[in-house]
2 protein chains.
Amino acid sequence: MASMKDVAEMAGVSISTVSRVINDTHPVDGKTRRAVEDAIRMINYRPNLLAAGLRSKSGNLIGLAVPDIAHHSFEEFIKYTEQSVREHKHGLIIGDTHSDPDAEAEFIDHLIRRNVDGIIFIRVSDQSRALDMLNETSIPYVVLDRALESGTVPTVTMDNFTAGRLAAEHLLGLGHSRIACLTGPLDVALCRERLNGFTQALSHAGHRLPDQWIFEGDFRFESGVRTVELLLKSKPRITALWAQNDLMAIGIIGGMIDHGLAVPRDMSVAGVDDIVTCRMVRPQLTTVSQPFEAMSRAAVQLLMRERSAGKRLTERIVIPTELVVRQSTAPPAERTGSPQLKTKKESL
Amino acid sequence: MASMKDVAEMAGVSISTVSRVINDTHPVDGKTRRAVEDAIRMINYRPNLLAAGLRSKSGNLIGLAVPDIAHHSFEEFIKYTEQSVREHKHGLIIGDTHSDPDAEAEFIDHLIRRNVDGIIFIRVSDQSRALDMLNETSIPYVVLDRALESGTVPTVTMDNFTAGRLAAEHLLGLGHSRIACLTGPLDVALCRERLNGFTQALSHAGHRLPDQWIFEGDFRFESGVRTVELLLKSKPRITALWAQNDLMAIGIIGGMIDHGLAVPRDMSVAGVDDIVTCRMVRPQLTTVSQPFEAMSRAAVQLLMRERSAGKRLTERIVIPTELVVRQSTAPPAERTGSPQLKTKKESL
DNA sequence: ATCGTTTGCGAAAACGATTTCCGAGTTCAG
DNA sequence: CTGAACTCGGAAATCGTTTTCGCAAACGAT
């Protein structure tokens, strides 16, 4: 591989000058500059990023820690983060933590050793060692999608409160009043936040959300399926359900179909995220969008700003969200006299 | 950050010895070794990967070039590749090429400058510049999932021929004889390979696959939806359809439901890949599995072997596949006298 | 005419590891 | 007892950049 030295020799200048031409870090005479550029092209020179990073203490890298790479709720974060990182002329190094603190710490250790310029966490846990490790360095980091309790960590989240409110208002608007909710793990702040928005909108409309209508899930498809079983057992006669993410909502739909029930006929279902799968299932899922691209961009930009500011910023960026109406929600069916109810195998 | 020098001083040895302890590259006396290890722990020393990589010409990195990070058919490749790479104590740097040769070349350039130890392509195109660039270096690479025409490139693929055969045999076994196929782009070798296995199994059973029953798609969900429109226009009276990937198969199911048709009642549908979405849609999709994990592991291992062999290997690894039967396939319905046919809005 | 300031460039010192070379002491076979 | 081989470890070169320092020439303002 050709090195700067080769370029310098070929162009008849010093190594320093070559570096200056490449990085535009100091004025260089037009003629000299052209000579260097020609030489670079001539011998197909590629600046070595390890050497540059070693000296300048910037690996030209961003790290991305994800709890599960193949999880549908994260794939778009990964995609847009990569895109944004690349626009900033950096590389993206990705690590799957499997939600395991040890794996996470190991990955962060690896990143530190690589002189990364910043790290993005998707859904780090509150008691993660990783953030402590990073606080001993000067490496900027951002937590995406999950605000932490401690207010000192920079985060980028969607407007979770409004998400809950939008879902509730949509269902209320269709005429529903007996509405249940399938939440994520309630020890996670964003779930409580979404739930707050949801209940507040309900109570504004004069409705309550009794505790028996709140189901706690784990954000995975199976949660939704299992919740249908619970519903069939307790038969709370609800007419609509809002799941706090799409995967669970799709699980609800699947579970209902498995029991001979139909959505939205027998129950309206809505979710959160607007993952691509929403358009693949039937009925297509009504949902509140997670602004994946805007959030990813904001996270990368925050990192870059933090780097150039040279100090930790503790911003909490909140990206607005909106409702996407599709097929899984409709006005509540009349409970009696409806002919199809008679042919149903089961009912809620 | 502490450096080797600090460790050496603290342990009262030379830098070389510290390096030898860390890399186990030369015998070191037990006492000295312990002194060094203590010092390392004491000052929380982390070897710098950039410095190490610069000198040893190994970035401890694997690059992964993907046409679309958020595409469901790839996400499991990404996940398992990351896992396998990490087991080999390397980092994974990921790039989305958007199937664009320029973006791809730019990413490869970036990787070369980082002294990566190997590169995995998912579905590189035949006329990609990237492979030429790499052939000028000594960096090993592997193409995952799509065998190239030119036999000199190391590849890891599933057994595409058998995939086609398994799909056909399954549908034949259920009693179908009028079976259509929705292929991927037919200029792609693996699609023809799958089709060959499919048609061969059909003809072994004494059936033909007429040209009008072969539809060419692009591996995306919308292809499936669109194909249903075509089927409704030409009404070929087929009873089963095999799509060459799950996304298109799920599109078929969606399109049929949109037209008041049901799967497998009105048509059996099968796919290829066994992505997680298969279990989320209703009916759950019968499919031929893509062995994501085995393929990813094989690709990473091939890279590592190539590195230690010190020369290009041109292996073509083929991983076996198997049929996964779920709900979207069933024996063909009787075409006449079937009561539900009368209530259908449309029919194939 | 003089004194700063800017422009333009080279020499050389980092950055933090690995690797080569070498030398001193031990062990062991013949 | 001797030479070869092995064990252990230090000094120094090296990887390919960036960055600091210094110097000379040109420039602009007083």
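User: In this predicted model, how far is a base nitrogen of DNA strand C from an N or O atom in the side chain of A:His26?

Analyst: The model is a predicted one, and the distance asked for runs from the side chain of A:His26 to a base of DNA strand C. A pair of N or O atoms counts as a polar contact within 3.5 Å, and the distance between the base nitrogen and the N or O atom of A:His26 is 3.3 Å.

User: Which elements give two or more residues to the surface near DNA strand C, and which of them gives the largest share?

Analyst: Both protein chains take part, since the elements giving two or more residues to this surface are α2 and α4 of chain A together with α2 and α4 of chain B. The largest share of the surface near DNA strand C amounts to 5 residues, and these come from α4(B).

User: How far from a base nitrogen of DNA strand C does a polar side-chain atom of A:Arg20 lie?

Analyst: A:Arg20 is listed with A:Thr17, A:Thr32, B:Met4 and B:Tyr45 as the closest of the 29 residues that surround DNA strand C. A:Ser16 also has a polar side-chain atom placed 2.9 Å from a base nitrogen of this strand. For A:Arg20, the distance from a polar side-chain atom to a base nitrogen is 2.6 Å.

User: What percentage of the atoms of DNA strand C within 4 Å of the protein belong to sugar or phosphate?

Analyst: The atoms of DNA strand C that lie within 4 Å of the protein can be divided into those of sugar or phosphate and those of bases. The bases make up the rest once sugar and phosphate have been counted, and the share of sugar or phosphate is 57%.

User: Which residues come nearest to DNA strand D, and what share of its atoms within 4 Å of the protein is sugar and phosphate?

Analyst: There are 28 residues around DNA strand D, and those that come nearest are A:Ser19, B:Ser14, B:Thr17, B:Arg20 and B:Thr32. Among the atoms of DNA strand D that come within 4 Å of the protein, sugar and phosphate account for 56%.

User: How far is a phosphate oxygen of DNA strand D from an N or O atom in the side chain of B:Thr17?

Analyst: Phosphate oxygens of DNA strand D are approached by backbone atoms as well, with a backbone N or O atom of A:Asn48 at 3.2 Å and one of B:Asp29 at 3.0 Å. In the case of B:Thr17 the atom belongs to the side chain, and its distance from a phosphate oxygen is 2.6 Å.

User: Is A:Ser128 buried or exposed, and which side chain does its own side chain join in a polar contact?

Analyst: A:Ser128 lies in the loop between β3 (118-122) and α7 (129-135) of chain A. Its relative accessible area is 6%, and because buried means under 20%, A:Ser128 is buried. The side chain of A:Ser128 reaches the backbone nitrogen of A:Ala130 at 3.0 Å, and a polar contact of 2.4 Å joins the side chain of A:Ser128 to that of A:Glu104.

User: What kind of axis relates chain A to chain B, and which residue of chain A has the C-alpha nearest the axis?

Analyst: A rotation of 180 degrees, with 0.0 Å of shift along its axis, superposes chain A on chain B with an RMSD of 0.1 Å. This is the relation of a two-fold axis. In chain A, the C-alpha nearest the axis lies 2.1 Å from it and belongs to A:Ile93.

Methods:
Residues numbered from 1 in each chain as written. Chains lettered and ligands numbered in written order. Predicted model: local features only at pLDDT ≥ 70, side-chain atom pairs only at ≥ 80, totals over all residues. Heavy atoms only, no water. Near = heavy atom within 4 Å. Polar contact = N/O pair within 3.5 Å; in protein donor to acceptor, adjacent residues only side chain to side chain. Helix = DSSP H or I, 4+ residues; strand = E, 2+ residues; numbered from the N terminus. Buried < 20%, exposed > 50% of the residue type's maximum accessible area, 1.4 Å probe, protein only. Least-squares fit on C-alpha atoms with pLDDT ≥ 70 in both.
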